[in-house]
Amino acid sequence: EQSFAGSLATIMSLAMEVHERKKSDEALRMREEHLLAIIDAEPECVKLVAADGTLLEMNRSGLAMIEADSWHVVAGRSVFRLIAPEYLQSFTAMHQRVCQGEPQTLEFEIIGLKGTRRFMETHAVSLRYGLSGAVAHLAVSRDITEHKRAEKALRLAEEQYRSIFENAVEGIFQTTLDGRYLSANPALARLYGYESPEEMIESVMDIRRQV
């Protein structure tokens, strides 16, 4: 009886251990599914890249940015093939530094599978994955194409304004509310007999200081 009782106790103990492990495994599985759901719903691109550049994981937003209809289209492909040629060197250098354990930030341009170019801003860190503990590059990247276009449009507008300002035949100037010159174009300087706008503004300032 004692032997039977001891065996029963052992079996019950093992059964409880198995039950607890199953509960733990189920809880872990649910947490993993929850995390994956959150990552997949993230509006930015989340990707995991192996040290050799192979794409290991990418969420739904990332797939849309690179114009992939599904993960299977790009699974196992090299991320370097998506980088615009003029940015490949800087991206490769960043990737190597990340895999060496240095967090990195970079702006670069990609070319999607259907030919669309997008500017991206990425924040990347190293991550060990799998049973082997191999090093990978984990990154969150956002599409900054519209921001870049707005910057370019503003820069072009400023250049056009500067060209008009500098080359106008009429005198143009900017002043503060109390009449101090902020800028003047060459035509105005010539009108008042000065060699340059800078000389004219300095002369006016001298006069104001004397008054």
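Accessible areas here come from the Shrake-Rupley method with a 1.4 Å probe, and for residues only the protein chains shown count as cover. The model is predicted: local features need pLDDT of at least 70, side-chain atom pairs count only at pLDDT 80 or more, and totals for chains, interfaces and linings use all residues. Residues are numbered from 1 along each chain as its sequence is written, and side-chain values use heavy atoms, with hydrogens and water left out.

**Exercise 1. State how much surface the protein exposes and what share of its residues is buried.**

Solution. Step one: the exposed surface is about 14,400 Å², and carbon and sulfur atoms supply 57% of that area. Step two: a residue is buried at under 20% relative accessible area, exposed at over 50% and partly exposed in between (1.4 Å probe, protein chains only). Step three: of the 211 residues in the protein, 27% are buried.

**Exercise 2. Describe the secondary structure and its order along the sequence.**

Solution. Step one: helices (H or I, at least four residues) and strands (E, at least two) are DSSP runs, numbered from the N terminus. Step two: the protein has seven helices and seven strands. Step three: their order is α-β-β-α-α-α-β-β-β-α-β-β-α-α.

**Exercise 3. Determine how many salt bridges there are, and locate the one between Asp69 and Lys114.**

Solution. Step one: a salt bridge requires a side-chain nitrogen of Lys or Arg within 4 Å of a carboxyl oxygen of Asp or Glu. Step two: the count under this rule is nine. Step three: between Asp69 and Lys114 the N to O distance is 3.6 Å. Step four: Asp69 belongs to the loop between α2 (60-65) and α3 (71-74), and Lys114 to the loop between β3 (104-111) and β4 (117-129), so the pair ties together parts 45 residues apart in sequence. Step five: Asp69 is exposed at 68% relative accessible area, and Lys114 is exposed at 59%.

**Exercise 4. Place the salt bridges of Arg118 with Asp143 and of Glu151 with Lys148 in the chain.**

Solution. Step one: the closest N and O atoms of Arg118 and Asp143 are 3.3 Å apart. Step two: this pair links distant parts of the chain, with Arg118 in strand β4 and Asp143 in strand β5 (residues 134-143), 25 residues apart. Asp143 is partly exposed, at 33% relative accessibility. Step three: Glu151 and Lys148 meet at 3.9 Å, N to O. Step four: both lie in helix α5 (residues 145-167), and because they are three residues apart, about one helical turn separates them. Glu151 is partly exposed at 36%, as is Lys148 at 22%.
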